[in-house]
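User: Could you take me through the fold and the helix packing of this model, please?

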Amino acid sequence: MHALDTSALDPTRLPRHVAVIMDGNGRWAQRRGLSRIEGHRRGKDSVRAVVETARRLGIPYLSLFAFSTENWARPPREVNALMALLRRYLRTEVKRLMKNEVQVRAIGDLERLPDAVRRELEHVVELTRDNSRLIVGLCVSYGGREDILRAARRLAREAQAGALDPEAIDAQRFADALGTGDIPDPDLLIRTSGEMRISNFFLWQLAYTELYVTDLLWPDFREQAFVDALVHYQQRERRFGLTGKQQAQGRAGAAR
Ligand code: FPP
């Protein structure tokens with residue numbers, strides 16, 4: 001960690017929220033003649049590396065796509081191993097998370113998780129709730145469409161009960177009803193292992209997010225790779241649908 005080169009990074013222009021699709025554990029293992037599960041085990045170490053680097057740099061929000069709704073269809077042996085790994089991660093990591101003042105939030109359909117995993121997750125969420133240095137959104141049993149559907153149902157129920165005027169549902173209100181709640185939209189999405197897909201991750205939240213895809217497989221994505229992704233992000237011009245000139249004028253206006 002001490003060899004981390006952050007010299008190309010502008011500490012005043014860090015993203016507020018980085019979201020990550022952690023892909024390639026299986027391929028990493030297969031290339032070495034190991035079981036896919038061994039790949040996930042190594043992937044757990046990359047989770048620690050990225051969490052601690054985000055914390056060290058002062059990035060306030062990090063979201064990790066740990067298990068998708070589609071992942072339930074994988075062979076039961078692999079699903080069980082992933083669940084066991086998640087539980088072990090929570091159990092062994094909680095001390096470091098507390099020491100680093102990291103808050104964990106669980107995002108997704110927690111009802112589908114095995115009881116032991118759900119309990120562990122709820123325990124860590126509860127224990128870390130007052131930490132505020134870094135907020136880590138652990139997306140488990142998560143699907144972007146399911147998230148949107150759940151929000152729509154929730155708002156429809158409120159409207160039906162007469163507690164909400166349908167005309168009052170604007171983008172902010174809708175975003176608040178999503179699993180990400182009051183977490184700001186991601187500024188940067190990192191996807192490892194080269195695939196150019198969103199894979200039903202944050203569909204609503206990624207509307208204006210910068211996308212960064214690296215060929216590195218997740219178990220190989222460690223501290224320096226994360227810093228490199230941030231450097232790439234800082235080289236982008238973000239326009240939010242405006243012209244470059246308008247965007248520059250807006251920035252100058254905001255600075256005044
Ligand atoms: C994708 O690799 C990764 C996953 C499905 C799970 C991500 C899980 C971890 C990083 C470990 C445990 C998580 C935490 C939060 C401790 P893949 O299996 O799809 O790889 P492939 O595309 O090469 O097959």
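Analyst: The answers below deal with the sheet and then with the helices.

User: What kind of model is this, and how are residues numbered?

Analyst: This is a predicted model, in which local features need pLDDT of at least 70 and side-chain atom pairs count only at pLDDT 80 or more, while totals for chains, interfaces and linings use all residues. Residues are numbered from 1 along each chain as its sequence is written, and side-chain values use heavy atoms, with hydrogens and water left out.

User: What is the strand order of the sheet?

Analyst: The order is E3-E4-E2-E1-E5-E6, in an open sheet of six strands with parallel pairing. Strands (E, at least two residues) and helices (H or I, at least four) are DSSP runs, numbered from the N terminus. Two strands pair if DSSP finds at least two bridges between them.

User: Which strands are at the edges?

Analyst: Strand E3 (102–107) and strand E6 (210–213) are the edge strands, each pairing on one side only. On average, neighbouring strands of this sheet are turned by 20° against each other, direction ignored. For angles here, axes are lines fitted to C-alpha atoms, for helices over the stretch in contact, and angles run from 0 to 180 degrees between N-to-C directions.

User: How many bridges join E2 to E4?

Analyst: Seven bridges join strand E2 (residues 61–68) to strand E4 (residues 134–142), and the two run parallel. Ser63 has Gly137 in E4 as its bridge partner.

User: Which helix packs on E3 and E4?

Analyst: Helix H4 (residues 115–127) packs on the sheet and touches E3 and E4, its direction making about 140° with that of E3. Contact means heavy atoms within 4.5 Å.

User: Now to H2. What should its length be, and what follows it?

Analyst: Helix H2 (residues 36–57) has 22 residues and should span 32 Å at 1.5 Å a residue, which agrees with its end C-alpha atoms being 32 Å apart. The expected span is 1.5 Å times one less than the number of residues. H2 is followed by Gly58, whose phi is positive, near 90°.

User: How does H2 cross H7?

Analyst: The axes of H2 and helix H7 (residues 223–234) come within 9 Å and cross at roughly 55°. That makes H2 oblique to H7; angles under 35 degrees count as roughly parallel, over 145 as roughly antiparallel, 65 to 115 as roughly perpendicular and the rest as oblique. Residues in this contact include Ala49 and Leu57 of H2 and Phe226 and Leu230 of H7.

User: What classes of residue make up that contact?

Analyst: The contact of H2 with H7 has seven nonpolar, one polar and one charged residues. Ala, Val, Leu, Ile, Met, Phe, Trp, Tyr, Cys and Pro count as nonpolar, Asp, Glu, Lys and Arg as charged, and the others, Gly among them, as polar.

User: And at what angle do H2 and H3 pack?

Analyst: H2 and helix H3 (residues 76–99) pack at an angle of about 30°, with axes 10 Å apart. The two are therefore roughly parallel to each other. Their contact has eight nonpolar, one polar and nine charged residues.

User: What about H3 and H4?

Analyst: H3 and H4 pack at an angle of about 20°, with their axes 9 Å apart. That makes H3 roughly parallel to H4. Among the residues in contact are Met83, Leu86 and Leu90 of H3 and Val117, Leu121 and Val124 of H4. By class, this contact of H3 with H4 divides into 11 nonpolar, no polar and three charged residues.
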